[in-house]
Amino acid sequence: MKKLKKVNLLIFIINIILFILLCVLENLYANSCTYDVRARTTICNYKQLENIINILYWIIMINSIVNVVSSIILLIKKGKKVINIIILILAILFFGMTFKEKLFDYIYPKEMWVKKPIIYIYPTKNIDLTVKISDDNLLTTTYPKYKGEWKLNVEPNGNIFDYKTKKNYYALYYEAKIKYKNEPLDEGFIVKKEDTIKFLEEKLNILGLNEREANEFIMYWLPRLEENNLNFIKFKTTKELNKIIPIDFSKKPDTLIRILMEYKPIDKVIKVNEQKLENNQRQGFTIVEWGGREIQ
């Protein structure tokens, strides 16, 4: 029991030191971050600290579990010693804080800001079309303004006339916040800064975007991707997005292409399985949507 008591106290002291170090590093990391209003994203200069901070969280959490178990054993065997009670209480607090930060987010979904989804519509003839997004509460920005639905007249060249605003548009635009669960970075692509344009041109062509749509996609996302020397990139496609953000069209398109690019800046090459992308062929009445987000 004496050995267990010493080990328990040593682990507790180590945890206090690690917790102080964690607070210092988190403060340094937070102070290195600035919010880009235009991009609506946070840019941090000390990205390498993120991995160290994550490791510290896990070590403190594991140490706290050992402290809790050891303190309970000592309380049962040795009686209610003040030091064991203090260690037990603080260990539970340490565990609670690290569990909330690292495990809770894996179990319960977080908010995901889906940026710049833009919808192009190409009917085979002039049609009236009503477009409804499943949940208005998800939307943060829309253009033209969305109020329960978009009531439109659409021409084969893609021109959209909105009956509410009495104006013409070339596409529909929205941004949304949705709930999601963290996914492992195990399938996708590792893309160097200098290869970004070639990569996007190739993959967007496979996914079914035409040159104008691909140009607009690249012009919007290229500055964000080229801020990083290396990015992990993957694509969510139509089937997944129909579950995440269902959109109803009063006339069913012959071809529906929905793309959401997800990316995360990384410091070094990681091993991932290359994502298999379905080659989308456009036929008949076609609707295309693209958007993206940074993985936090």
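The legends below describe close-up views of a predicted model.

**View 1. A nonpolar surface patch that includes residues of helix α3.** Val82, Ile85, Ile86, Ile89, Leu90, Leu93 and Met97 together make a nonpolar patch of about 600 Å² on the surface of the predicted model. One of these residues, Ile85, lies in helix α3, which covers residues 82–102, and with a relative accessible area of 32% Ile85 is partly exposed.

**View 2. Helix α5 and its buried face.** Helix α5 comprises 12 residues (residues 196–207), for which a rise of 1.5 Å a residue predicts a span of 16 Å, in agreement with the 16 Å that separates its end C-alpha atoms. Thr196, Phe199, Leu200, Lys203, Leu204 and Leu207 are the buried residues shown in α5, and because the buried residues fall within an arc of 115 degrees when seen down the helix axis, they line one face of α5. Lys198 and Asn205, on the other side of α5, are exposed. The elements against which the buried residues of α5 pack are the strands β10 (187–192), β11 (230–236) and β13 (255–265), together with helix α6 (211–225). After α5 comes Gly208, which has a positive phi, near 110 degrees.

**View 3. A salt bridge between Glu202 and Lys203.** The side chains of Glu202 and Lys203 form a salt bridge with an N to O distance of 3.0 Å, one of 9 salt bridges found in a search of the whole structure. Glu202 is partly exposed, at a relative accessible area of 39%, whereas Lys203, at 9% relative accessibility, counts as buried.

**View 4. A salt bridge between Glu213 and Arg282.** The side chains of Glu213 and Arg282 meet in a salt bridge at 2.8 Å, N to O. This pair links distant parts of the chain, since Glu213 belongs to helix α6 while Arg282 sits in the loop between β14 (273–274) and β15 (286–294), 69 residues apart. Glu213 is buried, with a relative accessible area of 0%, and Arg282 counts as partly exposed, at 30% relative accessibility.

**View 5. A salt bridge between strands β13 and β15, and a network of salt bridges.** Arg258 and Glu289 join their side chains in a salt bridge at 2.4 Å, N to O, and the pair links distant parts of the chain, with Arg258 in strand β13 and Glu289 in strand β15, 31 residues apart. Both partners count as buried, Arg258 at 2% relative accessibility and Glu289 at 6%. In addition, Lys236, Glu240, Glu262 and Arg293 are joined into one network by salt bridges that share partners.

Methods. Residues numbered from 1 in each chain as written. Predicted model: local features only at pLDDT ≥ 70, side-chain atom pairs only at ≥ 80, totals over all residues. Heavy atoms only, no water. Patch = residues over 30% accessible without salt bridge, like charges linked within 9 Å, V, L, I, M, F, W, Y side chains within 5 Å. Areas by Shrake-Rupley, 256 points an atom, 1.4 Å probe, with all protein chains shown as cover. Salt bridge = Lys/Arg side-chain N within 4 Å of Asp/Glu carboxyl O. Helix = DSSP H or I, 4+ residues; strand = E, 2+ residues; numbered from the N terminus. Buried < 20%, exposed > 50% of the residue type's maximum accessible area, 1.4 Å probe, protein only. Expected span 1.5 Å × (residues − 1). Arc of directions from axis to C-beta. Contact = heavy atoms within 4.5 Å.
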